[in-house]
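Trainee: Please take me through the ligand site in detail. I would like the contacts set out before the wider setting.

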Amino acid sequence: MIRRHLLAALPALAAGLGTFGAALLGAAPAAQAQASYPSRTISIVVPFAAGGPTDTVTRLVAEVMARDLGQSVVVENVGGAGGTLGAARVAQARPDGYTLLLHHIGMGTTPTLYRRLPYDPVGGFEPIGLVTEVPMTVIARKDLPAANLAELVALVRKEKTGINYANAGIGAASHLCGLLLQKAIDAPMTTVPYRGTGPAMTDLIAGTVDVMCDQTTNTTSHIRAGAVKAYAVTTEQRLASLPEVPTSAEAGLRGLEVTIWHGLYAPKGTPAEIQARLSKALQAALRDERLVQRFADLGTEPVSQDRATPAAHKAFWEADIAKWRPVIQAAGQYAD
Ligand code: MLT
C-alpha cells in the first residue's frame, strides 16, 4: 500500500523538482536499461540493397557480434538515394543501442555532396568503430568487346556515351570510383543507378549493363567464376585473392587508387556505456578467425583493434569529411 502511494506521488514530485529532479528520477530505469544491455534483438541497417558489398561485410560482422552480445543481431537493408535513406533511418531512431548503421566512405562524402537532407549527416551519429577498408575492381559484362583496360578505354571513347556504367547512386562507392575512372580515361559513360551494387551485379552478369567499379567483397567470387571480366584492382599492389588481375597502374591508368572504408554507428545520444559495449563486441568480431579468413577470401581484412573504437573512428571520419569537402566543392558536383 505504502509502495503504491509512493509510486503515485512520483510524477507530482518530479514536477515539483523541475527538469533536474525529473531527470534524476528517470535516471534509475535508464541506468538499469544500460546495465542489462542488450536485452533484445539489435538491428543493423545497411543503407544499400541485400547481396551487395556492404551487406556482405555487415552480415559477417553481425553474426559474430551476436555471439559476443548474447542477442540476435539482424541486418535490415534500407537502400536508395546513395545510402542516405538508410542513414536517415538510423539518425532518426531512438538512441538506445538497438538500431545501428553500418556504412562506408559515403559517410565522408555525403555531408558535402548532399546539401539538403532530412537528418544531420555528421551530428546525427555516434561512431562506434571502423570495420574494414575494401579495395575495388573495375569489371564488365563478360562479353563486352574489350579484353583489357586499354581496350575498354578505346571502346568507351569510340562509343561516346554508348557504354553503360552501373552504380548505387550519388555518394555510393561505385559512384565515386566511376567518377575517378571516367576522369582517368577522359571519356563519359551513361550512368545506370541502382539501390545497391548487389542488384547491379545481377544485371552485369545478365549482360544488361556494361561496366561497374565495385568492392572486392562483391566482385571476387564472380570474377573467379568467370561470370564477369576484371580489368584492374584499385590498389598499388596486386591482391592475393585475385593475383591474375593487374593493378590500375599496371593496366595503364594513374589516379585510380581507392579503398572503401566502413564503420559502425549508433544514433546521436546513445549512452557512452552502450557505445563502449558495442565497440567491444565489434573488436571481438574483428578478431574472429573465421571472419578474418572470410574477409581475406573477399580481398580485404579487418582494421586493427585500436581502430575499432569510437575515438579512432571519430578522428578518421572527421578527417575524411575534411578530405572530401574541397574535392567535391571544387568539382561543384552536388546531389541536389
Ligand atoms: C552496396 O553495398 O551496394 C555498395 O556498397 C554500394 C556502393 O557504395 O557502391
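Mentor: Start with Ser174. One of its polar side-chain atoms lies 2.6 Å from an oxygen atom of the ligand. This is a predicted model, so read each distance as computed from predicted coordinates. Next comes Thr197. Here the backbone makes the approach: an N or O atom of the Thr197 main chain is 2.8 Å from a ligand oxygen. Then turn to Gln215. An N or O atom in the Gln215 side chain lies 3.1 Å from an oxygen atom of the ligand. The ligand has 270 Å² of accessible area on its own, and the protein covers 100% of it.

Now place the site. The ligand sits in the largest cavity. The residues around the ligand include Phe48, Pro53, Thr54 and His104. Ala168, Ala172 and Ala173 also belong to this shell. So do Ser174, Gly196, Thr197 and Gln215.

Look at the chemistry of that shell. Six of its residues class as polar and five as nonpolar. Charged residues are absent from the shell.

Next, the secondary structure. Helix H2 (53-69) supplies at least two residues of the shell. Helix H6 (173-185) likewise gives at least two.

Then the domains. Domain 1 (42-133 + 260-331) contributes at least three shell residues. Domain 2 (135-233) also contributes at least three. The surroundings of the ligand thus draw on both domains.

Two backbone details complete the tour. The peptide bond from Tyr37 to Pro38 is cis, with omega near -5 degrees. Pro38 lies in the loop between helix H1 (2-35) and strand S1 (42-46). Ala81 is not a glycine, yet it has a positive phi of about 55 degrees. Find Ala81 in the loop between strand S2 (73-77) and helix H3 (84-91).

Technical notes
Residues are numbered from 1 along each chain as its sequence is written. This is a predicted model: local features need pLDDT of at least 70, side-chain atom pairs count only at pLDDT 80 or more; totals for chains, interfaces and linings use all residues. Side-chain values use heavy atoms; hydrogens and water are left out. A residue is near a molecule or strand if one of its heavy atoms lies within 4 Å of it. A polar contact is a pair of N or O atoms within 3.5 Å; within protein, one must be able to donate a hydrogen and the other to accept it, and residues adjacent in sequence count only if both atoms are side-chain atoms. Accessible areas come from the Shrake-Rupley method with a 1.4 Å probe; for residues, only the protein chains shown count as cover. On a 1 Å grid over the protein atoms alone, a cavity is a set of points where a 1.4 Å probe fits but cannot get out, and a pocket is an open set with protein on both sides within 12 Å along at least five of seven lines; lining residues have an atom within 4 Å of a point. A molecule sits in a cavity or pocket if more than half of its atoms lie within 2 Å of its grid points. Helices (H or I, at least four residues) and strands (E, at least two) are DSSP runs, numbered from the N terminus. Ala, Val, Leu, Ile, Met, Phe, Trp, Tyr, Cys and Pro count as nonpolar, Asp, Glu, Lys and Arg as charged, and the others, Gly among them, as polar. Domain bounds come from an automatic or database domain assignment.
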